[in-house]
Amino acid sequence: MEPGRFVSLLVPSRCPLCRRYRDPGVLVCGECMRCLNRSPLLRKDPPERVDRIVSCGDHQGAARELLAAFKFRHLTKLAGLIAGFMADAAGPVGEGGLLVPVPPARLRTWMRGFDPVALLADEISTLIDLPVPVDPVLVRRGSGRQRGRGRSGRISDPPDIEPVEGAGMILGGREALLIDDVMTTGATLSAAAGALRKAGVSRVYALTFTRRL
Ligand SMILES: [Zn+2]
């Protein structure tokens, strides 16, 4: 075995998206970066109770691999890269607006060891200068299992998301930009938007990295 190959086994220098070798100084390889930059910006009909939705691209190819590497392989250093794309796509939010991550199911966060959406929201917050409330303003009850339940199940049985007590004091009369990693049916965003409106939010916008068609 050649020495260079041996070193690469010790130092992980493969692209986390396509597993090809990459330059040690970059997070993902040049080819994957070109794919990500080509992703179209989607502006389609927003879910119920959401005034505007923007997603960075389809849930496929390099964008999907990037999200999977971040969420399921705990490559939290990729948060800044994903947040960068999302910040570019965010769109305008009114004066005094807030960034609100869609609340996770507690069991899922516990199993995963981190909350990827909250992490993205924090990164986006610094990039577009829109604050995230210090304490969570929304709470999600139940197991919140959405993956693998099928499209009809997700629509008929939306997640139970409510404002926390006193959320109206923080949210009342303001605009909010909801953050989620991926939009599938829009049931989760719609439930979160409903909770924000219940707490007095005037306009609800949504921003996700990918959108499953
Ligand atoms: Zn790659």
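How many of the 11 residues of H4 are buried? In this predicted model, the count comes to eight, so H4 is largely enclosed by the rest of the structure. The paragraphs below start with the protein as a whole and then come back to this helix and its surroundings.

Taken overall, the protein holds nine helices and six strands. It has 213 residues, and 47% of them are buried. On the outside, about 11200 Å² is exposed, with carbon and sulfur atoms supplying 53% of that area. The chain also brings together parts that sit well apart in sequence: if one takes the contacts between residues at least 6 apart, 74% of them join residues at least 24 apart.

Back to H4, which covers residues 79-89. Its buried residues are Ala79, Leu81, Ile82, Ala83, Phe85, Met86, Ala87 and Ala89. Each of these falls under 20% relative accessible area, the cut-off for being called buried. As for what does the covering, both helices and strands take part. Among the helices are H2 (30-38), H3 and H6 (116-128). The strands include E1 (52-58), E5 (175-183) and E6 (203-211). Once H4 has ended, Gly91 comes just after it and takes a positive phi of about 80°.

One of those covering elements, H3, deserves a closer look. This helix runs over residues 61-72, and its axis comes within 10 Å of the axis of H4, the two crossing at roughly 135°. H3 and H4 are therefore oblique to each other, and their crossing is left-handed. On the H3 side, the contact is made by Leu66, Leu67 and Phe70, while H4 brings in Ala79, Leu81 and Ile82. Sorted by character, the residues of this contact come out as six nonpolar, with no polar and no charged ones. The three residues that H4 puts into the contact, Ala79, Leu81 and Ile82, also appear among its buried residues.

Not every residue of H3 is tucked away, though. Arg64 lies in this helix and has a relative accessibility of 44%, so it counts as partly exposed; that label applies between the 20% limit for buried and the 50% limit for exposed. Arg64 also gives an example of residues separated in sequence: Leu17 is 47 residues away along the chain, yet the two C-alpha atoms are 8.7 Å apart in space.

Note on methods:
Residues numbered from 1 in each chain as written. Predicted model: local features only at pLDDT ≥ 70, side-chain atom pairs only at ≥ 80, totals over all residues. Heavy atoms only, no water. Axes fitted to C-alpha atoms, helices over the stretch in contact; angles between N-to-C directions. Helix = DSSP H or I, 4+ residues; strand = E, 2+ residues; numbered from the N terminus. Parallel < 35°, antiparallel > 145°, perpendicular 65-115°, else oblique. Left-handed = near helix turned anticlockwise from the far one by under 90°. Contact = heavy atoms within 4.5 Å. Nonpolar A, V, L, I, M, F, W, Y, C, P; charged D, E, K, R; others polar. Buried < 20%, exposed > 50% of the residue type's maximum accessible area, 1.4 Å probe, protein only. Areas by Shrake-Rupley, 256 points an atom, 1.4 Å probe, with all protein chains shown as cover.
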